[in-house]
Amino acid sequence: MKMLEIKNLHATIDGKEILKGIDLTVNAGEVHAIMGPNGAGKSTLSNVLAGRDGYEITQGEILYKGENLIDLEPEERAQRGVFLAFQYPVEIPGVSNIYLLKAALNAVRKYQGLDELDAIDFLTLVRSKMELVKMDEQFLHRSVNEGFSGGEKKRNEILQMALLEPALAILDETDSGLDIDALRIVSEGVNALRDTDRSMIMITHYQRLLDYIVPDYVHVLSNGRIVKSGDKDLAKELERSGYSWIHDAPEGVGA
Amino acid sequence: MKQLAEIHTAFIERADDVSLLNTPAVNALRQKAKAQFERHGLPGKKQEDWKYTSLWQLGQEQFVYQAVETTLDAETIDRLALVTGSYRLVIVDGVFQPELSRLADLPQGVKLQAMSQLDADIADQLNQQIDLEKPGFNALNTMLFSEGLYLHIANDIQLSQTIELVVVNSGKTANLAVHLRHLVRLENGAKATLIEHYVAVDDAATGLNDIVTEVALAQDAQLEHYKLQQESVTSYHVATMAAHQAEGSHWHNANISLGGKLARNDVHSRLEGEAAHLTMSGLYLVAGDQHVDNHTRIDHSVANTSSDEVYKGVMDEKSHAVFNGKVFVHKDAQKTDANQSNHNLLLSRGCEIDTKPEMEIYADDVKCGHGSTVGQIDMDQLFFLRARGLDEVSARSLLTFAFAVDVLERLPSDEIKQALSTVIEQRLPRGAKV
């Protein structure tokens, strides 16, 4: 089953074209890595998929389970199972983590036509998911990400993902700001969530993350286009040769 | 269009009808206040303290003093009151309601009464904390107050149960003016929790509440003093809370303004004993064409006192808020530790905040800080919540609520914190829900 089909996607921000014709197909159960140098358009792609304001889609379409995502609000995408793990998770003083988790889960459940979980079932569920990312229960009662370390913030993102069980997860630079121990915990959490019904797109600058979460496919994004696609060995190649070679690659290579 | 002079005359004419505390000493105070009011009247916009708050509209009103007789049942009061199970003093449309109040079984050493029920002359306790010299409402209140709460707690008595003063506008009498004076005196080591709660039964109730609360805290006395102004958005509310703090005393003043067409609060404390500590917490939530003005003043008069002040506000639609916080560190007040901040959240383009934190420091060895911010809903936070499935309306409400209730985290009482949090959730400006 095709989870996501991106066809000839062009997107601009403040009139400047950042995505210049992206084509990408992700099937159910697949993990794709999108790599590329700074300024290639990686973050724009993740923001456009999640529906952040400020981007104009000038051409192309994004089909998620066959439905066009472009006309949907961010919350409608989330309720349908699209999840963005943020590169920089925001701090929200005054909103406790447990409140956020509950509100998010209930929003998804409501869309699915399910009742809200009662307090006890909810807590049992959250606790089981917290084990996955080795988070202490005290984090539930703290304000969302406030005063969290870089690693704690990223674990919190994966906790939200584990709870919401999305069909499509976009992990935006999940490895940034993580030391090796935190990277291992986060990766183990993500790997535990790999499933034949769940697809993932990992957006990353560095190959390092891919040692922990091994992708089925690797794509190289450069100057708003996917210039090369391959399997996990492509990432190794990038590690050896860096990104400099892609600037010399002819237009239209790859994908 | 009426001139302010007309409402001055109406207020002055009322003075002869006031009969509360009819003793020579009190009458002398009232006469003095009347002379003062005749001279100055209500403050105008030329006066710095009233620069951003116009009384022009108030001056157009014709207030009445004869309330239609009203009886509210106990259930209504239970519904209106902020907390349950507390001592309660209930005033409806300016009239003390003994049958709705709960003043029985007070511990020895605690005197809690309506002013109209007092048997002793308390003239020497009046006007101790307020200044009648400047134009303002203090002279008016002294001239016209006709009810109020009297609380006196003797040495070392620690009252664990909360006292809630419930001042209700039933909405039965249009444009009713109510002038109240409250006196709160805690002797050495005494401790109490007091809520002043101003509330309307009817959302369309009109009228004026003119309040002065005088607080005297003796050595090591501790008062948690909450004020919730939750009246209709069609009424006027002008209040002063003024305290004197002796050595080692602690006044925690929390001032929550939700209602009112025009609400003005002057909160003032004089820290005149070493190790006196003051906490001021404030929150205002306004929408529509509401106007709220908070003026605070803290005088650090002696060495080694501290104050910690946080006011936060949320404005929507065409509302207007004013914050002016003055902290004075006097010449001998070395080692003063004073912090003041004011943070504002604007939800729409039409609203306005005038914020002015001020510090005047005449001592050289102090630790003082102040600041203010004005901002909007954070777009990154909003997107984050929406990306987690919360619709925009809920996400905005949640962020607004989080901004506001942050102030409540400062409050010592969990029960009151919880109750206020519920009230605030229900009163979130509409702009938070768009």
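Which strands make up the open sheet of chain A, and in what order? I looked this up before anything else. The model is a predicted one. The sheet has 4 strands in the order E2-E1-E4-E5, with antiparallel pairing. I noted the edges next: strand E2 (16-27) and strand E5 (67-68) of chain A each pair on one side only. For the pairing of strand E1 (residues 2-13) with strand E4 (residues 55-64) of chain A, I found 8 bridges in the antiparallel sense. As one register point I wrote down A:Ile13, whose bridge partner in E4(A) is A:Tyr55.

**Entry: contact between the chains**

I turned to the interface of chain B and chain A. It takes 29 residues from chain A and 15 residues from chain B. The two chains bury about 1900 Å² between them, and carbon and sulfur atoms account for 67% of that. On the side of chain B, B:Phe383, B:Phe384 and B:Arg388 lose the most area to chain A, together 40% of what that side buries.

I then searched the interface for charged and polar pairs. The rule gives 4 salt bridges across it, and 9 residue pairs in polar contact, both residues being at pLDDT 80 or more. Helix H6 (379-386) and helix H7 (392-405) are the elements of chain B that give two or more residues to the side touching chain A. H6(B) gives the most, with 6 residues. By residue class, this side of chain B divides into 8 nonpolar, 2 polar and 5 charged.

One salt bridge I looked at in detail joins B:Arg386 to A:Glu75, with the closest N and O atoms 2.7 Å apart. Which residues are linked with this pair in a network of salt bridges? I listed A:Glu73, A:Glu75, B:Arg386, B:Glu392 and B:Arg396.

**Entry: helix H6 of chain B**

I checked how covered this helix is. Of the 8 residues of H6(B), 6 are buried: B:Gln381, B:Leu382, B:Phe383, B:Phe384, B:Leu385 and B:Arg386. At the start of H6(B), I found a side-chain oxygen of B:Asp378 within 2.8 Å of the backbone nitrogen of B:Asp380.

**Entry: strand E5 of chain B**

Is strand E5 (residues 163-169) of chain B mostly covered or mostly open? I found it mostly covered, with 7 of its 7 residues buried. B:Ile163, B:Leu165, B:Val167 and B:Asn169 point one way from E5(B), whereas B:Glu164, B:Val166 and B:Val168 point the other way; all are buried.

I followed its pairing to two other strands. Strand E1 (residues 87-92) of chain B runs parallel to E5(B), joined by 6 bridges, and B:Leu89 has B:Leu165 as its bridge partner there. Strand E7 (residues 191-200) of chain B is also parallel to E5(B), with 7 bridges. In that pairing B:Val166 has B:His197 as its bridge partner in E7(B).

**Entry: two buried positions in chain B**

I looked up B:Ala114, which lies in strand E3 (residues 110-114) of chain B. B:Ala114 counts as buried because its relative accessibility is 1%, the cut-off being under 20%. Leaving aside neighbours within four places in sequence, B:Ala114 is in contact with B:Leu89, B:Phe96, B:Glu147 and B:Gly148. Its C-alpha atom is separated by 8.8 Å from that of B:Ile91, 23 residues apart along the chain.

B:Gln47 sits in the loop between helix H2 (24-40) and helix H3 (56-60) of chain B. Its relative accessibility is 18%, so B:Gln47 also counts as buried. Not counting residues up to four places away in sequence, B:Gln47 touches B:Lys134 and B:Pro135.

**Entry: salt bridges elsewhere**

I searched the whole structure and got 35 salt bridges over all chains. One of them joins A:Lys134 and A:Glu188 at 3.7 Å, N to O. This pair links distant parts of the chain, 54 residues apart: A:Lys134 is in the loop between helix H4 (119-132) and strand E8 (143-144) of chain A, and A:Glu188 is in helix H6 (residues 180-192) of chain A. A:Lys134 counts as partly exposed at 48% relative accessibility, and A:Glu188 counts as partly exposed at 38%.

In chain B, I noted the salt bridge of B:Asp119 with B:Lys111 at 3.6 Å, N to O. B:Asp119 is exposed, with a relative accessible area of 68%, while B:Lys111 is partly exposed at 30%. I also noted B:Asp332 and B:Lys331, whose side chains meet at 3.8 Å, N to O; both residues are exposed.

Technical notes:
Residues are numbered from 1 along each chain as its sequence is written. Chains are lettered from A and ligands numbered from 1 in the order in which they are written. This is a predicted model: local features need pLDDT of at least 70, side-chain atom pairs count only at pLDDT 80 or more; totals for chains, interfaces and linings use all residues. Side-chain values use heavy atoms; hydrogens and water are left out. Contact means heavy atoms within 4.5 Å. Buried area is the accessible area (1.4 Å probe) that two parts lose on being put together, summed over both. A polar contact is a pair of N or O atoms within 3.5 Å; within protein, one must be able to donate a hydrogen and the other to accept it, and residues adjacent in sequence count only if both atoms are side-chain atoms. Ala, Val, Leu, Ile, Met, Phe, Trp, Tyr, Cys and Pro count as nonpolar, Asp, Glu, Lys and Arg as charged, and the others, Gly among them, as polar. Buried means under 20% relative accessible area, exposed over 50%, partly exposed in between (1.4 Å probe, protein chains only). Two strands pair if DSSP finds at least two bridges between them.
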